Amino acid sequence: MSHTVKMLLGAAAIAAAPTISSAASLDFSAGSFDAVNDVLTFSNVAAGTDLVVSTIGGTSWASNNDARNGTANGDDGRINVATGTMADLRFSFINRDTGGAATLADIDLAFFDLDFAGQEKLTLRTAASTITRVDTALGVSTEPGSVTLTGASDVNVANVTDSSSLTEDQEKAAVIFSFDSVSSFDLSFDAGGALGSGRNFIFDDDFAFTTDTTTIDFPAPVPLPAAGFLLIGGLGALAVARRRS
């Protein structure tokens with residue numbers, strides 16, 4: 001897979017960074033979690049690029065085991081969410097030199113082991129193609145601006161310990177999100193069940209299904225009605241008038 005990294009140097013200028021070799025993949029082996037601020041950082045996931053996972057809009061991220069947020073299986077990423085809670089998280093690619101956003105092309109990020117009798121849910125809230133096996137065990141539902149994958153209700157598959165070699169049941173409980181070009185994306189992690197435990201969401205980009213797949217296009221968000229734009233414009237004009245007076 002070829003990943004082209006671009007460093008965003010401002011609204012007016014974008015400088016191209018070196019192209020990552022087609023033999024390379026994102027590296028999640030250096031993950032560290034700041035439990036005080038609910039920030040998970042994967043250093044050097046790509047050349048000159050970090051991946052920072054943080055909460056959205058003042059929401060909270062409750063983990064059952066903070067130590068499980070970070071690296072799993074040597075080079076996979078892992079998100080831990082306490083049962084009975086949901087975490088709304090933003091994944092942001094950051095240029096290590098400038099501290100600004102970095103854009104990566106052609107990212108296929110797979111999430112594994114969505115099961116536990118339907119109690120694990122993953123909702124994509126950023127435009128991307130959603131890919132599963134044709135015979136997936138996951139429940140798939142769409143709404144304007146989101147795609148939700150519900151954990152397999154008929155089987156609790158074995159935990160993934162090697163994302164490069166999955167059993168058939170493990171593949172049926174996996175999903176790939178395919179981004180054409182992205183600097184950040186939003187995902188919601190819903191961990192059902194009684195309080196006192198946790199759910200692990202394992203992910204990696206170096207994965208492909210071994211059988212036929214189906215692709216779900218991302219449903220466009222509901223556009224703001226024209227009246228909404230007029231209202232916003234009117235409020236803005238009123239605010240300017242007040243400042244001038």
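Strand 3 and strand 4 pair in the antiparallel sense through 4 bridges. This pairing belongs to a predicted model, in which an open sheet of 8 strands follows the order 3-4-5-8-15-10-13-12 with antiparallel pairing. A search of the whole structure also finds 15 aromatic pairs. The points below treat the hairpins, the sheet, the positive phi values and the rings in turn.

**Hairpins at strands 3, 4 and 5**

- Within the pairing of strand 3 and strand 4, Asp34 stands opposite Val39 of strand 4.
- The hairpin of strand 3 and strand 4 has 4 residues between the strands, and Asp38 lies in that loop.
- Strand 4 also pairs with strand 5 (residues 49-55), in the antiparallel sense and over 5 bridges.
- Leu40 has Val53 in strand 5 as its bridge partner.
- The hairpin of strand 4 and strand 5 leaves 2 residues between the strands, and Gly48 in the turn has a positive phi of about 70 degrees.

**The open sheet**

- Strands of a sheet pair through backbone hydrogen bonds, in either a parallel or an antiparallel manner.
- In the 8-stranded sheet the pairing is antiparallel.
- The edges are formed by strand 3 (31-34) and strand 12 (139-143), each of which pairs on one side only.
- On average, neighbouring strands of this sheet are turned by 20 degrees against each other, with direction ignored.
- Strand 10 (residues 120-124) and strand 13 (residues 146-150) run antiparallel and are joined by 4 bridges.
- Lys121 has Thr150 in strand 13 as its bridge partner.

**Positive phi outside glycine**

- Most residues other than glycine have a negative phi.
- Asp38 has a positive phi near 55 degrees and is not a glycine.
- Asp38 has a relative accessible area of 16%, which is under the 20% limit, and therefore counts as buried.
- Asn73, also not a glycine, has a positive phi of about 60 degrees.
- Asn73 is placed in the loop between strand 6 (70-72) and strand 7 (76-82).
- Asn73 has a relative accessibility of 35% and so counts as partly exposed.

**Aromatic pairs and the ring cluster**

- The search finds 15 aromatic pairs in the whole structure.
- One of these is the pair of Phe42 and Phe203, which is edge-to-face because the planes stand at 85 degrees, with the ring centres 5.9 Å apart; the angle for this class is over 60 degrees.
- This pair links distant parts of the chain, since Phe42 belongs to strand 4 (residues 39-46) and Phe203 to strand 16 (residues 198-204), 161 residues apart.
- Phe42 counts as buried because its relative accessibility is 0%, and Phe203, also at 0%, counts as buried.
- Phe207 and Phe209 form another edge-to-face pair, with 5.1 Å from centre to centre and 80 degrees between the planes.
- Phe207 and Phe209 are both buried.
- Ring pairs also link a cluster made up of Phe28, Phe42, Phe91, Phe93, Phe111, Phe177, Phe179, Phe185, Phe189, Phe201 and Phe203.

**A charge over a ring**

- Arg199 places its charged end over the ring of Phe116, at 3.7 Å from the ring centre.

Methods: Residues numbered from 1 in each chain as written. Predicted model: local features only at pLDDT ≥ 70, side-chain atom pairs only at ≥ 80, totals over all residues. Heavy atoms only, no water. Phe/Tyr/Trp six-rings, centres within 6.5 Å; stacked < 30°, edge-to-face > 60°. Buried < 20%, exposed > 50% of the residue type's maximum accessible area, 1.4 Å probe, protein only. Lys NZ or Arg CZ within 6 Å of the ring centre and 35° of its normal. Pairing = 2+ DSSP bridges. Axes fitted to C-alpha atoms, helices over the stretch in contact; angles between N-to-C directions.
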